[in-house]
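Work through the exercises below with the sequence and the structure in view. Try each task before reading its solution.

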Amino acid sequence: SYFGDVETFRQIHRAGAAVLILVSLYHLYYTMFTKEGRREFIALLPREKDVIDVTINSLWFLGLSKKRPEFGRYSYYEKFDYWAVYWGCVIMIGTGAVLWWPETAAKYVPWLSYTLAAEIHGDEAILAALALIIWHFYNVHFNPSRFPGTLLWWHGNMSRKEMMHDHPLEYYKRVLAHLRTKRQETDTAV
């Protein structure tokens, strides 16, 4: 093979696994020990409004409603993206550890055999790839309102037009917060 033998692929795969573990540990630290991380994590928790938004959006997609749901900081599909990755990391790291250290795993988690872990690991990898290609690529790159894509992932800034279209409730919340700050500054100055 151009890239080397099977052992080379194993080493590349394990290096990728180590990076996934480190990134996951960093994310866990960020969500537990930073104020911003906790705020974002709480904002990503599913809520009753998400169920309502799925219903309204489904009706809108089917042409049975003239109005799209209005999203706040995160839409239900962004939350779905986040939780799919979160759960996928738990599955991939857990089953990968069994495959990496089978003797230790047999001692501490005997119910999760090497064969079962390999099956789950492979199925989750396929599911993750399909979710990325179908769900994520559509919502981020191929959605007609974004095509050919957005640079939001690069610089983290959303234009007013994008925010009004995709997250109007968050936009109004920020405008109100800005107006309150300006009013307090004016009241303090007088």
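**Exercise 1.** Does Glu40 count as buried or exposed?

Solution. The model is predicted, so local features need pLDDT of at least 70 and side-chain atom pairs count only at pLDDT 80 or more, while totals for chains, interfaces and linings use all residues. Residues are numbered from 1 along each chain as its sequence is written, and side-chain values use heavy atoms, with hydrogens and water left out.

Step 1. Apply the cut-offs: buried is under 20% relative accessible area, exposed is over 50%, and partly exposed lies in between, with a 1.4 Å probe and protein chains only.
Step 2. Glu40 has 9% relative accessibility and therefore counts as buried.

**Exercise 2.** Find the salt bridges of Glu40 and state which parts of the chain the pair with Arg73 ties together.

Solution. Step 1. A salt bridge is a side-chain nitrogen of Lys or Arg within 4 Å of a carboxyl oxygen of Asp or Glu.
Step 2. Arg39 forms one with Glu40, and the closest N and O atoms are 2.5 Å apart. Arg39 is partly exposed at 46% relative accessibility.
Step 3. Glu40 also pairs with Arg73, with 2.8 Å between the closest N and O atoms. Glu40 lies in helix H2 (residues 35-43) and Arg73 in the loop between helix H3 (48-61) and helix H4 (76-100), so this pair ties together parts that are 33 residues apart in sequence. Helices here are DSSP runs (H or I, at least four residues), numbered from the N terminus.
Step 4. Arg73 is partly exposed, at 28% relative accessibility.
Step 5. A network of salt bridges links Arg39, Glu40, Arg73, Glu170 and Arg174. The structure holds 9 salt bridges.

**Exercise 3.** How many residues apart are Asp187 and Arg183?

Solution. Step 1. Both lie in helix H9 (residues 168-189), 4 residues apart, which is about one turn of the helix.
Step 2. They form a salt bridge, with the closest N and O atoms 3.9 Å apart.
Step 3. Arg183 has a relative accessible area of 58% and is exposed.

**Exercise 4.** Which helix gives the largest share of the nonpolar surface patch?

Solution. Step 1. Such a patch joins nonpolar side chains (Val, Leu, Ile, Met, Phe, Trp, Tyr) within 5 Å, from residues with over 30% relative accessible area and no salt bridge.
Step 2. The patch includes Phe80, Ile126, Trp135 and Phe142, and its residues together have about 1100 Å² of accessible area, by the Shrake-Rupley method with a 1.4 Å probe.
Step 3. Helix H6 (residues 114-142) gives the largest share, 9 residues. Phe142 is found in helix H6 and is partly exposed at 46% relative accessibility.

**Exercise 5.** What is the volume of the largest pocket, and what lines it?

Solution. Step 1. On a 1 Å grid over the protein atoms alone, a pocket is an open set of points where a 1.4 Å probe fits, with protein on both sides within 12 Å along at least five of seven lines; lining residues have an atom within 4 Å of a point. A volume is the space filled by probe spheres set on the points.
Step 2. The largest pocket holds about 1400 Å³ of space. It is lined by 48 residues, and Tyr74, Glu78, Asp81, Tyr82 and His136 are the closest to its centre.
Step 3. H4 supplies the largest share of this lining, 12 residues.

How values were computed. Helix = DSSP H or I, 4+ residues; strand = E, 2+ residues; numbered from the N terminus. Patch = residues over 30% accessible without salt bridge, like charges linked within 9 Å, V, L, I, M, F, W, Y side chains within 5 Å.
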